[in-house]
Amino acid sequence: MKSIRNQILIYLVVGAIILFGLLFVFSDLKLNELPKHIKAQYSEIVNARSDEVTKELKGFIEQITIISKSPIIRSMDLEKIKSYLPNLVLKNKYRNMTISYPDGRAWSTILDEFDISHQEQYQKIFVEEEECIISQPFYSPYVHESDKPIIIISHSVTDEKNRVIGLVNIVINNEFLNEVVRGMNLKGEAYGWIVNKDGVLVAHPDSQASLKKNIKDYIIDDGNIINEILEGESGIIEYIDENGENILVFFNKIRESPEWTFLISIS
């Protein structure tokens, strides 16, 4: 009897060893698959979020294109425009709208006449003859009550012979991009951010960092990592951050933007 009990005990011990061995191997395999799962998940998120920004920008472009073709706008009659343009300002999206003449004179829905001949949209529309542009975020030299950067989306105004006779633009608070990256609800220490072609922060969970910091402040680059991010269309790269932590960054170019890149960094 004792011999049978000993044999049963041995079988149970051996069976337990085999079972735990299989569980260990299975768990190890699942852990090895986890990084691939995470990479696929965050790649999908960064693509979706960059597409979200693209959709917003395309919407703004479509709206300003329609406005630029309005008979009142094409008349370039300032008195008529002063009665018309304020009605088009969407309070939840636009800070204001502006009309400008080829000599640089401009009027906006929140200012009297002023000069924009030194601004990016003037150069692009009147000098370089681009039809529509999205500016890099900047601080307005005219409106100081908010101290928040703005983005200008401009479209040329043409006459019946397709000659450029003016420009009209929408002014948007850059904060809407900060809200996109803050509203991502990423788990753990992951966060989203947007940089322009020069590495300047366009949007960040810390809105105070926008336009004041550069990608170089966050990535310790001992090779060509930053260039790969700024010049690439999309990808996944590992880097060391300013605190010496190993970080994985997922990035994707934002279409319709002035060469912005959406990034998600995760420890």
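**A pocket lining and two buried residues in a predicted model**

The largest pocket is lined by Glu 56, Phe 60, Lys 91, Asn 92, Lys 93, Tyr 94, Arg 95, Ile 172, Asn 173, Glu 175, Phe 176 and Glu 179. The model in which this pocket appears is a predicted one. The volume of the pocket comes to about 230 Å³. Sorted by class, its lining holds six charged residues, alongside four nonpolar and two polar ones. Three secondary-structure elements, α1 (2-68), β6 (164-173) and α5 (175-182), each contribute at least two residues to this lining. Of the elements, α5 gives the most, with three residues.

It helps to set this pocket against the chain as a whole. The secondary structure consists of six helices and 12 strands. The chain has 267 residues, and 42% of them are buried. Where contacts join residues at least 6 apart in sequence, 49% of them link residues at least 24 apart. The accessible surface of the chain amounts to about 15100 Å², with 53% of that area belonging to carbon and sulfur atoms.

Two residues in contact with each other, Gly 192 and His 204, offer a closer view of the interior. Gly 192 sits in strand β7, which spans residues 191-195. With a relative accessibility of 0%, Gly 192 counts as buried because the cut-off for that class is under 20%. Beyond its neighbours within four places in sequence, Gly 192 contacts Val 181, Met 184, Leu 186, His 204, Pro 205, Phe 262, Leu 263 and Ile 264. One of these partners, Phe 262, is 70 residues away along the chain, yet the C-alpha atoms of Gly 192 and Phe 262 are separated by 7.3 Å.

His 204, for its part, belongs to the loop that runs between β8 (201-203) and β9 (219-220). This loop residue is also buried, since its relative accessible area is 9% and the limit is 20%. The side chain of His 204 reaches the backbone nitrogen of Asp 206 at a distance of 3.0 Å. Setting aside residues up to four places away in sequence, His 204 touches Asn 178, Val 181, Tyr 191, Gly 192, Trp 193, Ala 209, Ser 210 and Tyr 218. Val 181 thus appears among the contacts of Gly 192 and again among those of His 204. Val 181 falls within the range of α5 (175-182), the helix that gives the most to the lining of the largest pocket.

Methods
Residues are numbered from 1 along each chain as its sequence is written. This is a predicted model: local features need pLDDT of at least 70, side-chain atom pairs count only at pLDDT 80 or more; totals for chains, interfaces and linings use all residues. Side-chain values use heavy atoms; hydrogens and water are left out. Helices (H or I, at least four residues) and strands (E, at least two) are DSSP runs, numbered from the N terminus. Buried means under 20% relative accessible area, exposed over 50%, partly exposed in between (1.4 Å probe, protein chains only). Contact means heavy atoms within 4.5 Å. Accessible areas come from the Shrake-Rupley method with a 1.4 Å probe; for residues, only the protein chains shown count as cover. A polar contact is a pair of N or O atoms within 3.5 Å; within protein, one must be able to donate a hydrogen and the other to accept it, and residues adjacent in sequence count only if both atoms are side-chain atoms. On a 1 Å grid over the protein atoms alone, a cavity is a set of points where a 1.4 Å probe fits but cannot get out, and a pocket is an open set with protein on both sides within 12 Å along at least five of seven lines; lining residues have an atom within 4 Å of a point. Grid points are joined across faces, edges and corners, and a volume is the space filled by probe spheres set on the points. Ala, Val, Leu, Ile, Met, Phe, Trp, Tyr, Cys and Pro count as nonpolar, Asp, Glu, Lys and Arg as charged, and the others, Gly among them, as polar.
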